[in-house]
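Me: Could you take a close look at one part of this model for me, the salt bridges and the helix and pocket around them? I'd like one connected walk-through rather than a list.

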Amino acid sequence: MTTNLHRLFNSMPRFKWDMIGRVAFDNGIYIIFEDGETYHGTDRIVRVGTHDSDGRLRKRLKNHFINENKDGSIFRKNVGKAILNKNNDPYLNIWNKNSSKKSSMIGVSGYDSAYQKSIEKTVSHYMREHFSFVCFPVSTMAERHRLEEGIIALLNGATDFCAGSAWLGNHSPEREIVQSGMWLKQGLDGVPLTENEYRDIVEYCSAIF
């Protein structure tokens, strides 16, 4: 099923960061690919995600790719962690902190708002250059979360699903990201996708063609 999922998602209309507005539905799941990562001749899935509140699919994608605030996107935060760790940058300790409330950073040793903004731009550049995605519609929050978990757990459980040696995520300080080959820590040990759920996904995907 892991190979079939990759073939299905690879066959769908592909988007980049500046095409988010072209996503034609408000509720759904997004599947992210990264340049250089392959799986059985297809682009390898490196992240699966969704949104909680209804109508916020495009907003969630904008939080990842456009809004330069790592505290509004754990995806951005994890990409930044890997970049900083790869460069042996001690600012990683500051990047790990929640700085969404500037008052909470007052007096924090090493905090540099200008440098933090430069890291945000580095993260944006990497993500915009190297990631692409597809989406499929799922109307209810409960089903979105279940299918998201099922896909993640299925991929994580496949013995031949692994990152390439040059994958940026190999530099992540987060063990789960390195071991899973995905920009994820949640849902890895969940209940894998069932055959019936896979058929539901095929149906949802076919509706957008």
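Reply: Let's settle the term first: a salt bridge here is a side-chain nitrogen of Lys or Arg within 4 Å of a carboxyl oxygen of Asp or Glu. Bear in mind that this is a predicted model, where local features need pLDDT of at least 70 and side-chain atom pairs count only at pLDDT 80 or more, while totals for chains, interfaces and linings use all residues. Residues are numbered from 1 along each chain as its sequence is written, and side-chain values use heavy atoms, with hydrogens and water left out.

The structure holds 13 salt bridges. One of them pairs lysine 70 with aspartate 71, with 3.2 Å between the closest N and O atoms. Lysine 70 is buried at 1% relative accessible area, whereas aspartate 71 is partly exposed at 24% (buried means under 20%, exposed over 50%, partly exposed in between, using a 1.4 Å probe and protein chains only). Lys77 joins in too, as Lys70, Asp71 and Lys77 are linked in a network of salt bridges.

Now to helix H6 (141-157). Helices here are DSSP runs of H or I with at least four residues, strands are runs of E with at least two, and both are numbered from the N terminus. H6 has 17 residues, and at 1.5 Å a residue they should span 24 Å, which agrees with the 24 Å between its end C-alpha atoms; the expected span is 1.5 Å times one less than the number of residues.

H6 carries a salt bridge of its own, between arginine 146 and glutamate 149, with the closest N and O atoms 2.6 Å apart. Both residues lie in H6, three residues apart, or about one turn of the helix. An α-helix has 3.6 residues a turn, so residues three or four places apart point the same way. Arginine 146 is partly exposed at 21%, and glutamate 149 is partly exposed at 29%.

Other parts of H6 are buried, including Arg144, Leu147, Glu148, Gly150 and Ile151. What covers the buried residues of H6 includes helix H1 (2-10), strands E1 (28-39), E2 and E3 (131-137), and helix H8 (195-206), with contact meaning heavy atoms within 4.5 Å. Glycine 157, also in H6, is exposed at 56% relative accessibility. Its C-alpha atom is 9.4 Å from that of threonine 2, although the two residues are 155 apart along the chain.

Beyond H6, glutamate 174 and lysine 185 meet in a salt bridge through their side chains (2.9 Å, N to O). Glutamate 174 sits in the loop between H6 and helix H7 (175-180) and lysine 185 in the loop between H7 and H8, so the pair ties together parts 11 residues apart in sequence. Glutamate 174 is buried at 15%, but lysine 185 is partly exposed at 34%.

H6 also helps line the largest pocket, which has about 410 Å³ of space. Of its 21 lining residues, the closest to the centre are Arg47, Arg60, Ile74, Glu148 and Gln186. A pocket is an open set of points on a 1 Å grid over the protein atoms alone, where a 1.4 Å probe fits, with protein on both sides within 12 Å along at least five of seven lines; lining residues have an atom within 4 Å of a point. Its volume is the space filled by probe spheres set on the points, which are joined across faces, edges and corners. H6 gives the most to this lining, with four residues.
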